[in-house]
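Please look through the sequence and the three-dimensional structure below before reading on. The paragraphs that follow take you through the chain step by step.

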Amino acid sequence: MSPANTKNLYPSANGQEPARYGFGTLAIHAGAEPDPYTGAVIPPLSLSTTFKQKAVGDFVYEYSRSDNPNRSHLETAIAALEHAKHGFAFASGSATTATVLNTLQPGSHVISVNDVYGGTHRYLNKVAGSLGVETTF
């Protein structure tokens, strides 16, 4: 998760500050500090697909599929709402599936519906299976 904008105005859920705001307040404000350049209180939508680097490898955001300001705001809000240290958002269901399944250890067992998305079915059989994760459909 990239740097989140919850330093001062609104509670972050990083364990540093007790949750003292209600769900509604967190849902509206977490991850949405005023823009330091414009003062906008609602973060603007970033439509950029690539971002300028200060030097090779020196960047906050590189490419929108890997991370972007919109995703950072959403992840911060999710973490605050869940009173968690981090929140995660993915560009696709397949990315979510791969990330979750890659946390499993060899010998783990997954139970899946038999009409799961084809890409998920292949991932479970070919990738997770080759890593020692067993699946029952």
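**A walk through the predicted model**

This is a predicted model, and the mean pLDDT of its protein chain is 83, with 86% of the residues reaching 70 or more. Among the helices and strands, confidence is lowest in H1, at a mean of 83, and highest in E1, at 97. Over residues 1-15, however, pLDDT stays under 50, although the model has 43 contacts beyond four places in sequence for this stretch. Where pLDDT is low, the predicted coordinates should not be read in detail.

Let us begin with the helix H1, which covers residues 23-29 and contains Thr25. Thr25 has a relative accessible area of 34%, so it counts as partly exposed. In sequence Thr25 is 56 residues away from Leu81, yet in space their C-alpha atoms are 9.5 Å apart.

Leu81 brings us to helix H2, which runs over residues 69-82. The 14 residues of H2 should span 20 Å at 1.5 Å a residue, and this agrees with the model because the end C-alpha atoms of the helix are 20 Å apart. At the N-terminal end, H2 is capped by Asn68, which has a side-chain oxygen 3.0 Å from the backbone nitrogen of Asn70. Just after H2, His83 takes a positive phi of about 55 degrees. The buried residues of H2 include Arg71, His73 and Glu75, as well as Ala77, Ala79 and Ala80, and H1 is among the elements that cover the buried residues of this helix.

Further along the chain, which residues of helix H3 are buried? In H3, which spans residues 93-101, they are Thr97, Ala98 and Leu101. These residues cover an arc of only 95 degrees around the axis, and therefore they lie on the same side of H3. This can be set beside a general rule: an α-helix has 3.6 residues a turn, so residues three or four places apart point the same way. The cover over the buried residues of H3 includes strand E1, at 109-111, and helix H4, at 118-130.

Two of the residues just named return in the largest nonpolar core, whose seven residues are Ala98, Leu101, Val110, Tyr123, Leu124, Ala128 and Val133. H3 and H4 each supply at least two residues of this core, and H4 gives the most, with three. One member of the core, Val133, also shows which parts of the chain meet here: beyond its neighbours within four places in sequence, Val133 is in contact with Leu104, Gln105, Ser108, Val110 and Ala128.

How values were computed. Residues are numbered from 1 along each chain as its sequence is written. This is a predicted model: local features need pLDDT of at least 70, side-chain atom pairs count only at pLDDT 80 or more; totals for chains, interfaces and linings use all residues. Side-chain values use heavy atoms; hydrogens and water are left out. Buried means under 20% relative accessible area, exposed over 50%, partly exposed in between (1.4 Å probe, protein chains only). Helices (H or I, at least four residues) and strands (E, at least two) are DSSP runs, numbered from the N terminus. The arc is that of the directions from the helix axis to the C-beta atoms. Contact means heavy atoms within 4.5 Å. A nonpolar core is a set of buried Ala, Val, Leu, Ile, Met, Phe, Trp, Tyr and Cys residues joined through side-chain atoms within 4.5 Å. The expected span of a helix is 1.5 Å times one less than its number of residues. A polar contact is a pair of N or O atoms within 3.5 Å; within protein, one must be able to donate a hydrogen and the other to accept it, and residues adjacent in sequence count only if both atoms are side-chain atoms. pLDDT is the predictor's confidence in each residue, from 0 to 100.
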